[in-house]
Amino acid sequence: MIKVSGLSKCFSQQKVLEGIDFEAQDGRRVFILGKSGSGKTVFLKCILGLLVPDTGKIFIDEVDITRLMVKPRFKRKLTRIRQKIGYVFQGSALLDSLSVANNIALALDSKKLPWEEQNRIIDEKLDLVGLDGDVRRKYPAQLSGGMKKLVAIARAIAAEPHYIFYDEPTTGLDPAMIARITKLIIELSEKLEVTSLIVTHDMGLARRAGQDIYFLKNYTLSRPRRITRLEELYE
Amino acid sequence: MVRQLGRYVLFTLRAFGGMGYVLRRPELVLKQVYTLGLLSLPVISFASIFLGMVTALMVAYQLEAGLPKFYVGATGGRSILIEIAPLVISLLVVARVGSNITARIGTMKVTEQIDALETMGINSVHYLALPIILASIVVVPALVIYSDFISLVAAAVSAKVIVNVPTSQYIFGLKRYATLNDVLGGLLKTPFFGLAMGSISVYYGFQTELGAEGVGKSVTASVVTSAALIMILDFIVAFWMFR
């Protein structure tokens with residue numbers, strides 16, 4: 001379970017998040033909706049420990065990771081917590097210099113598996129996201145935006161995480177690919193029994209795949225009573 | 001400035017903390033040796049030929065007063081070994097390789113590839129920075145040794161063809177006056193040049209912010225700082241060895 005209490009974050013004088021309380025129950029698909037620039041990605045990066053919050057506490061599986069972020073001697077503990085999380089970046093963030101197979105293998109780096117076992121996992125995860133084996137030798141520059149996103153999802157699930165974070169998973173994709181990613185988010189959360197945390201401004205995606213929905217506005221999170229009234233929150 | 005220097009030193013120490021990780025993955029360093037070293041050979045060869053030729057011409061020009069011709073080998077050869085090849089080749093490596101490293105890592109930073117490594121539990125400084133620093137420490141001396149050889153041969157050829165200094169005279173001058181101290185004085189500083197270039201280039205790459213413009217700024221800062229530090233180190237070694 002992920003629990004956040006009293007989280008605040010500023011950049012210089014610019015307030016981004018203030019006093020956020022949040023909970024993601026195990027196995028749920030939790031959506032955080034908000035306009036561009038509302039602080040959704042900052043919120044995700046704080047939970048991952050990529051950004052250190054100014055105040056507040058973040059618990060992942062009851063471990064207070066805000067305590068681990070500030071002291072270098074806890075770096076290993078923080079790394080172990082991060083390995084429970086698969087992150088799908090908005091721009092996919094595949095390493096340009098590595099092939100698709102090696103990008104996915106990076107997620108298995110800490111497991112020190114033999115290459116044959118890594119290969120098996122890479123094929124399995126590519127199959128799970130609906131990509132065929134031919135793609136494994138390609139480099140990110142040779143892939144379309146949608147395929148990059150699918151490879152990023154394969155990489156995120158390679159180490160069998162407990163949580164998958166999606167940062168704007170459907171941005172910049174065509175309708176067919178949006179439908180495919182939406183279906184995949186639902187399938188993965190059910191098949192792998194993971195907790196999914198999705199930040200997006202895509203109302204359609206939230207409506208189709210969301211179980212718990214939060215709205216980030218004026219630096220803080222709120223829960224709308226009904227999904228049908230989501231649009232009103234943008235006003 | 002002091003804060004920046006402190007950050008740079010801490011960053012470099014942090015990178016060397018990943019020695020165990022890199023020793024278990026030597027392919028990371030070998031890949032960088034190939035990228036930074038072998039792929040630089042054409043431009044280093046080209047530069048070395050012209051360095052050797054122009055050095056021979058300049059020395060011959062200064063010997064017009066009637067000094068013996070073997071001085072072209074003695075003075076020109078020693079200058080190449082002690083100063084010209086190490087300094088010019090190191091600066092050329094900064095321009096070709098250092099800028100490439102900063103741009104590559106800076107782009108990885110602004111496109112969140114470095115964040116992606118961290119989320120997968122990979123220490124990005126150990127994975128990206130240390131292999132480059134170690135490769136630079138090995139590659140710069142190797143390129144300078146290669147350049148020494150090419151430049152000396154080019155100087156001998158140009159001395160013979162352009163200013164009519166017999167090759168035997170050139171070799172006599174070189175063998176008679178160039179000492180082991182000259183060769184070592186030229187080579188000993190090059191691993192430090194490599195360390196400076198590699199560590200500064202990755203440091204500025206990791207400091208990159210604000211998209212393409214940030215990458216441009218980092219590359220400029222990295223090249224200027226590396227070149228300045230190499231010249232300072234060059235003076236320190238010269239003062240220590242040849243004073």
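Strand E1 (residues 2-11) of chain A pairs with strand E2 (residues 14-24) of chain A in the antiparallel sense, over 7 bridges. The model in which this pairing is found is a predicted one. Chain B, by contrast in its make-up, has 11 helices and 0 strands, and the account below takes the sheet of chain A, the helices of chain B, the contact between the chains and the nonpolar core in turn.

**The sheet of chain A**

- Within the pairing of E1(A) with E2(A), A:Val4 has A:Phe22 of E2(A) as its bridge partner.
- The hairpin formed by E1(A) and E2(A) has 2 residues between the strands, and A:Ser12 there takes a positive phi near 55°.
- These strands belong to an open sheet of 4 strands in chain A, ordered E2-E1-E4-E5 and paired in the antiparallel sense.
- E2 and strand E5 (63-64) of chain A stand at the edges of the sheet, and because each has a single partner strand, one side of each is left without a neighbour in the sheet.
- Strand E4 (residues 55-60) of chain A is joined to E5(A) by 2 bridges, the two running antiparallel, and A:Ile60 stands opposite A:Val63 in E5(A).
- Helix H1 (residues 40-48) of chain A packs on the sheet, where it touches E1, E2 and E4 of chain A, and its direction makes about 120° with that of E1(A).

**The helices of chain B**

- Read along the sequence, chain B follows the pattern α-α-α-α-α-α-α-α-α-α-α, and its C-alpha trace spans about 70 × 35 × 30 Å along the principal axes.
- Of the 243 residues of chain B, 49% count as buried, and among its contacts between residues at least 6 apart in sequence, 88% join residues at least 24 apart.
- The axes of helix H1 (residues 2-16) and helix H7 (residues 124-161) of chain B come within 8 Å and cross at roughly 95°, so H1(B) and H7(B) are roughly perpendicular to each other.
- To this contact H1(B) brings B:Arg14, B:Ala15 and B:Phe16, while H7(B) brings B:Val125, B:Ala129, B:Leu130 and B:Ile133; by class, the contact has 6 nonpolar, no polar and 1 charged residues.

**B:Val110 and its surroundings**

- B:Val110 lies in helix H5 (residues 71-110) of chain B, and B:Val110 is partly exposed because 18 other C-beta atoms lie within 10 Å, a count that falls short of the 20 or more needed for a buried residue.
- Leaving aside neighbours within four places in sequence, B:Val110 is in contact with B:Thr208, B:Gly211, B:Gly214 and B:Val215.
- The C-alpha atoms of B:Val110 and B:Val138 are separated by 29 Å, the two residues being 28 residues apart along the chain.

**The contact between the chains**

- The contact takes 15 residues from chain A and 10 residues from chain B.
- On the side of chain A that touches chain B, helix H3 (75-82) and strand E6 (85-88) of chain A each supply at least two residues, and the residues of that side divide into 9 nonpolar, 4 polar and 2 charged.

**The nonpolar core**

- The largest nonpolar core has 136 residues, and those with the most contacts inside it are A:Val88, A:Ala154, A:Ile164, A:Phe165 and B:Val202.
- Helix H7(B) gives the most to this core, with 20 residues.
- Leaving aside neighbours within four places in sequence, A:Phe165 is in contact with A:Leu44, A:Ile85, A:Tyr87, A:Val88 and A:Leu197.

Methods
Residues are numbered from 1 along each chain as its sequence is written. Chains are lettered from A and ligands numbered from 1 in the order in which they are written. This is a predicted model: local features need pLDDT of at least 70, side-chain atom pairs count only at pLDDT 80 or more; totals for chains, interfaces and linings use all residues. Two strands pair if DSSP finds at least two bridges between them. Two residues are in contact if their C-beta atoms, placed from the backbone, lie within 7 Å. Ala, Val, Leu, Ile, Met, Phe, Trp, Tyr, Cys and Pro count as nonpolar, Asp, Glu, Lys and Arg as charged, and the others, Gly among them, as polar. Axes are lines fitted to C-alpha atoms, for helices over the stretch in contact, and angles run from 0 to 180 degrees between N-to-C directions. Angles under 35 degrees count as roughly parallel, over 145 as roughly antiparallel, 65 to 115 as roughly perpendicular and the rest as oblique. A residue is buried if 20 or more other C-beta atoms lie within 10 Å of its own, exposed if 12 or fewer, and partly exposed in between; C-beta atoms are placed from the backbone. A nonpolar core is a set of buried Ala, Val, Leu, Ile, Met, Phe, Trp, Tyr and Cys residues joined through C-beta atoms within 7 Å.
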